[in-house]
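Let's take a walk through this structure together. Keep the sequence and the 3D view at hand as we go.

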Amino acid sequence: IGRLAFRQPLFLHELTMQIHNSTGRTPWDIMRAYCLYIEHELSKGTRLHNMTRHCLSLFNGIAGARAFRRTLSDPQNLRKNDTSIIQLALAELPQAA
């Protein structure tokens, strides 16, 4: 399950939804919530790369996912060490429904 969860982050989310028979959040909702956590961690000195690498495959299978990953992985963007890079990456994706 560990490798599957890393490659397909929504797997555990979907599994939880099935177990509890509930509706889920979209990847966009998850990313917006994660941004709040990232901002908190940045204020404590955590490097942005240490957090963004865990969400690179969040949008796999969605148009624009490659550009999203490329933006979040760009060393020049990561040097800024702020959440503006996440907004740039999200702009590469179609808007959430």
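## A walk through the helices

The secondary structure of this chain amounts to seven helices and zero strands. Read from the N terminus, the order of elements is therefore simply α-α-α-α-α-α-α. Please bear in mind that this is a predicted model. Its pLDDT averages 85 over the chain, and 90% of the residues score at least 70. Among the elements, helix 1 (residues 2-7) has the lowest mean pLDDT, at 69, while helix 5 has the highest, at 94.

A few totals help to set the scene. The chain has 97 residues, and buried ones make up 30% of them. About 6500 Å² of the chain is exposed, with carbon and sulfur atoms supplying 53% of that area. If we take the contacts between residues at least 6 apart in sequence, 55% of them join residues at least 24 apart.

Let's start on the inside. The largest nonpolar core holds 19 residues, and those with the most contacts inside it are Met31, Phe59, Phe68, Leu72, Ile86 and Leu90. At least two residues of this core come from each of helix 3, helix 4, helix 5 and helix 7. Helix 3 gives the most, with five residues.

Helix 5, which spans residues 65-73, is a good place to look next. Its residues Ala65, Ala67, Phe68, Thr71 and Leu72 are buried. If you look down the axis of helix 5, these buried residues fall within an arc of 165 degrees, so they line one face of the helix. On the other side of helix 5 you will find Arg66 and Arg70, both exposed. And what do the buried residues of helix 5 pack against? Their partners are helix 3 (27-43), helix 4 (48-52), helix 6 (75-79) and helix 7 (84-90).

Two residues let us follow such packing at the level of individual contacts. Threonine 52 belongs to helix 4, and its relative accessibility is 1%, so it counts as buried. Leaving aside residues up to four places away in sequence, threonine 52 touches Leu72, Leu78 and Ile86. Of these, Leu72 and Ile86 are listed among the core residues with the most contacts. Leucine 90 is the other residue to follow: with the same sequence neighbours left out, leucine 90 touches Trp28, Met31, Phe59 and Phe68.

Three of those partners bring us to the aromatic side chains, since Trp28, Phe59 and Phe68 form one aromatic cluster. In the whole chain, the count of aromatic pairs comes to three. The rings of tryptophan 28 and phenylalanine 59 have centres 5.1 Å apart and planes at 65 degrees; an angle over 60 degrees counts as edge-to-face, so that is how this pair is classed. The pair links distant parts of the chain, with tryptophan 28 in helix 3 and phenylalanine 59 in the loop between helix 4 and helix 5, 31 residues apart. Are these two residues, tryptophan 28 and phenylalanine 59, buried or exposed? Tryptophan 28 has a relative accessibility of 13% and counts as buried. Phenylalanine 59 is buried as well, at 1% relative accessibility.

Tyrosine 34 and tyrosine 37 form an aromatic pair of the stacked kind, with 5.8 Å from centre to centre and 15 degrees between the planes. Because they lie three residues apart in helix 3, tyrosine 34 and tyrosine 37 are separated by about one helical turn. Tyrosine 34 counts as partly exposed, at 22% relative accessibility. Tyrosine 37 is also partly exposed, with a relative accessible area of 43%.

Our last stop is the loop between helix 6 and helix 7, where lysine 80 is placed. Its relative accessibility is 45%, so lysine 80 counts as partly exposed. Lysine 80 and leucine 48 are 32 residues apart along the chain, and their C-alpha atoms are separated by 8.6 Å. Asparagine 81 sits in the loop between helix 6 and helix 7 too. What is notable about the phi of asparagine 81? Asparagine 81 has a positive phi, about 55 degrees, although it is not a glycine. With a relative accessible area of 33%, asparagine 81 is partly exposed.

Key. Residues numbered from 1 in each chain as written. Predicted model: local features only at pLDDT ≥ 70, side-chain atom pairs only at ≥ 80, totals over all residues. Heavy atoms only, no water. Buried < 20%, exposed > 50% of the residue type's maximum accessible area, 1.4 Å probe, protein only. Helix = DSSP H or I, 4+ residues; strand = E, 2+ residues; numbered from the N terminus. Arc of directions from axis to C-beta. Contact = heavy atoms within 4.5 Å. pLDDT = per-residue confidence, 0-100. Areas by Shrake-Rupley, 256 points an atom, 1.4 Å probe, with all protein chains shown as cover. Core = buried A, V, L, I, M, F, W, Y, C linked by side-chain atoms within 4.5 Å. Phe/Tyr/Trp six-rings, centres within 6.5 Å; stacked < 30°, edge-to-face > 60°.
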